[in-house]
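Me: Could you take a close look at one part of this protein for me, namely the aromatic cluster and whatever surrounds it? I'd like one connected walk-through, with the wider setting added afterwards.

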Amino acid sequence: MVKNCQAIWKNCLEIIKEEVPEQSFKTWFAPIKPVKLQDNVLTIEVPTPFFYEWLEEHYVYILKRAIDAELGPSGKLEYSIVVDKGDANHQPFTLNVRNSKPAGNKPVISTHQSGGAQNNPFPPSPNSGGNANSSSSGNYTSGANKIKPISSPFELPDTDPAQFDTQLNPVYTFDNYIEGDCNRLARSAGMAIAKKPGFTAFNPLVVYGGVGLGKTHLTQAIGNEIKANFPEKLVLYVTSDQFTTQFIEALKNNNVQNFTNFYLKVDVLIIDDIQFLAGKEKTQENFFHIFNRLHQSGRQIIMTSDCPPRSLQGLQERLLSRFKWGLTADIQIPDYETRVAIVQTKMSNEGVEVPNEVIDYLARNVDSNIRELEGVLISLIANASFMRKDIDLELAKTTLLNIFRTTEKEITIEFIQQVVADYFKLSVEELKSKTRKKDIASARQIAMYFSQQYTDMPLKMIGDRFGGRDHSTVVHASKTVIKKNDNDAIYRKIINELTEMMQVGK
Ligand code: ADP
Ligand code: MG
């Protein structure tokens, strides 16, 4: 059967779609066109050099996996990069580049000029091909982390500190972790730990907070900093899922002793997302044992969770009581000033200039979590590159609108009303009623705010659905919620929790 480049690329896209968030998929993969398939090399056309660099930096593993699945291990991928689109007088100019090996080898470059005799306008960038120093942008996409091959420590117990695989991502540092009221306590505790791991009062450190607020970044930054300060220490980062999988494997292979011994050698254990240990009794038992032994011998333990430890359902009481020995610090949704600092820093790290009004617009409108904010920044850079435009307010607005249209479309007002009513233990009727009782009115404002945030419905219609109120009531409700959210930490927490519930409903 003759393989056809369109069909092959279509299958690759199916695989890629499974791995990357919808928005990233639309931004980075939808604009790609398959061009040819020859000698088992698939050539894909990418619209700009920037696209190529981004794909290589963030999605090289995913692409490799898709190509392997479709073309077998000898299959290769080549980019045809549109460097100059051309016009009536000039033919387009493209550059063909082989994709790098996921291990981070430099790409093999072969110029291919389909047009006039220009000089090569796109010298191979020293930053491309996964160079760890390339830019801070590595932390923009968690997609690439997801497919980092997970080594199974108990099978590879090389505990020579020089060889030891910490599983840390070097991109996560304190330098690029922006400080704000939202994370100050956790961040300073982390910095203290990095100076004296195991010898502060913060053992264990439990960092908790909603999704995308910087738990993984912070705890990995602590690990990286410890490694820089004390190269002889064994620092290990694992997710609870990895820990569980390894433990189950060890059980199957009668290897639990090795598994445990391996963990007992570690000087600093970072275990991410412990909420996933819920209900896994045997794994928890083993973790409890490891935890006690490490703690007794002055080793540092750092954990993250998506909710306060006391609300972790399905975690044994004796394990929870251990967490109280150290410090539990939360990370909140960043306030406006921190969001501005994040936008400024991330854009300037990318070498992109952004007018203040755009920074203000983004910081005001993307206020749920930092991952989402980063997603918007990436799309904005990609759109600017794609359209060869500078970033201005208009482009920022269009980008945001497109993102919200594609990601928020399934949330209905009925859903929002139900979630908010349940949360405040009210009925939907009460929420829509005329009553001005303070509690009910406040819940109503929140529901109106979410309706405005999450649906495309005109304000007038939103008002109608809340017992026939007019559009200015909706505007006022949203303003009130935003203001309280900025000024009141408890209120912010409520909005944060509700936002998460809305996300789940999507
Ligand atoms: P969580 O683990 O809480 O879900 P992450 O640590 O994965 O969140 O953070 C999501 C994204 O936001 C990452 O790319 C991270 O680098 C970025 N990020 C989070 N907090 C900050 C911060 N304070 N400064 C800069 N970037 C941040
Ligand atoms: Mg995380």
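**The aromatic cluster and its surroundings**

Reply: Let's begin with two neighbours in the chain: Phe 262 is buried, and Tyr 263 is buried too. Keep in mind throughout that this is a predicted model. If you count rings as paired when their centres lie within 6.5 Å, the total comes to 19 aromatic pairs. Phe 262 and Tyr 263 make one of these: their ring centres are 5.4 Å apart and the planes meet at 85°, so the pair is edge-to-face. That label follows because the cut-off for edge-to-face is over 60 degrees.

Now compare Phe 291 and Phe 323. Their ring centres sit 6.1 Å apart with the planes at 50°, so this pair counts as tilted. Phe 291 belongs to helix α10 and Phe 323 to helix α11 (residues 317–323), so the contact ties together parts that are 32 residues apart in sequence. Both Phe 291 and Phe 323 are buried.

Put the ring pairs together and you get a cluster: Phe 164, Phe 243, Phe 247, Phe 259, Phe 262, Tyr 263, Phe 287, Phe 291, Phe 323 and Trp 325 are linked. Helix α9 (residues 256–264) is a good place to see what lies around some of these rings. Its buried residues are Phe 259, Thr 260, Phe 262, Tyr 263 and Leu 264. As for the spacing along a helix, an α-helix has 3.6 residues a turn, so residues three or four places apart point the same way. Among the elements covering the buried residues of α9 are β7, α8 (240–252), β8 and α10.

Two of those elements, β7 and β8, lead us to the sheet. Five strands make up an open, parallel sheet, in the order β7-β8-β9-β6-β10. The edges are taken by β7 (235–239) and β10 (327–331); each has a single partner strand, so one side of each has no neighbour in the sheet. From one strand to the next, the twist averages 15°. On the β10 side, β6 (residues 205–209) pairs with β10 in the parallel sense over five bridges, and Tyr 208 stands opposite Asp 330 in β10.

Helices pack on this sheet as well. Helix α6 (residues 184–195) touches β6, β9 (300–305) and β10, and its direction makes about 135° with that of β10. Helix α10 (residues 281–296) touches β8 (268–272) and β9, at about 140° to the direction of β9. So what ties the sheet to the aromatic cluster? Helix α10 packs on the sheet, carries Phe 291, and helps cover the buried residues of α9.

How far should you trust the model? The average pLDDT is 83, and 83% of the residues score at least 70. The stretch to treat with care is 103–153, where the pLDDT is below 50; even so, it has 103 contacts in the model beyond near neighbours in sequence.

Stepping back, the protein has 21 helices and ten strands, and of its 506 residues 51% count as buried. Of the contacts between residues at least 6 apart in sequence, 72% join residues at least 24 apart.

Elsewhere in the chain, strands β1 (residues 33–38) and β2 (residues 41–46) run antiparallel and are joined by five bridges. Pro 34 has Ile 44 in β2 as its bridge partner. The hairpin has two residues between the strands, and Asp 39 takes a positive phi near 50° there. Helix α3 (residues 49–58) is mostly covered, with seven of its ten residues buried: Pro 49, Phe 51, Tyr 52, Trp 54, Leu 55, Glu 56 and His 58.

For contrast, Glu 353 lies in the loop between α12 (336–349) and α13 (356–365). Glu 353 is exposed, with a relative accessible area of 76%. Its C-alpha atom is 9.8 Å from that of Asp 392, 39 residues away along the chain.

Last, the cysteines. Cys 12 is buried at a relative accessible area of 0%, and Cys 5 also counts as buried, at 10%. The structure holds zero disulfides.

How values were computed:
Residues numbered from 1 in each chain as written. Chains lettered and ligands numbered in written order. Predicted model: local features only at pLDDT ≥ 70, side-chain atom pairs only at ≥ 80, totals over all residues. Heavy atoms only, no water. Buried < 20%, exposed > 50% of the residue type's maximum accessible area, 1.4 Å probe, protein only. Helix = DSSP H or I, 4+ residues; strand = E, 2+ residues; numbered from the N terminus. Disulfide = S-S within 2.5 Å. Pairing = 2+ DSSP bridges. Axes fitted to C-alpha atoms, helices over the stretch in contact; angles between N-to-C directions. Contact = heavy atoms within 4.5 Å. pLDDT = per-residue confidence, 0-100. Phe/Tyr/Trp six-rings, centres within 6.5 Å; stacked < 30°, edge-to-face > 60°.
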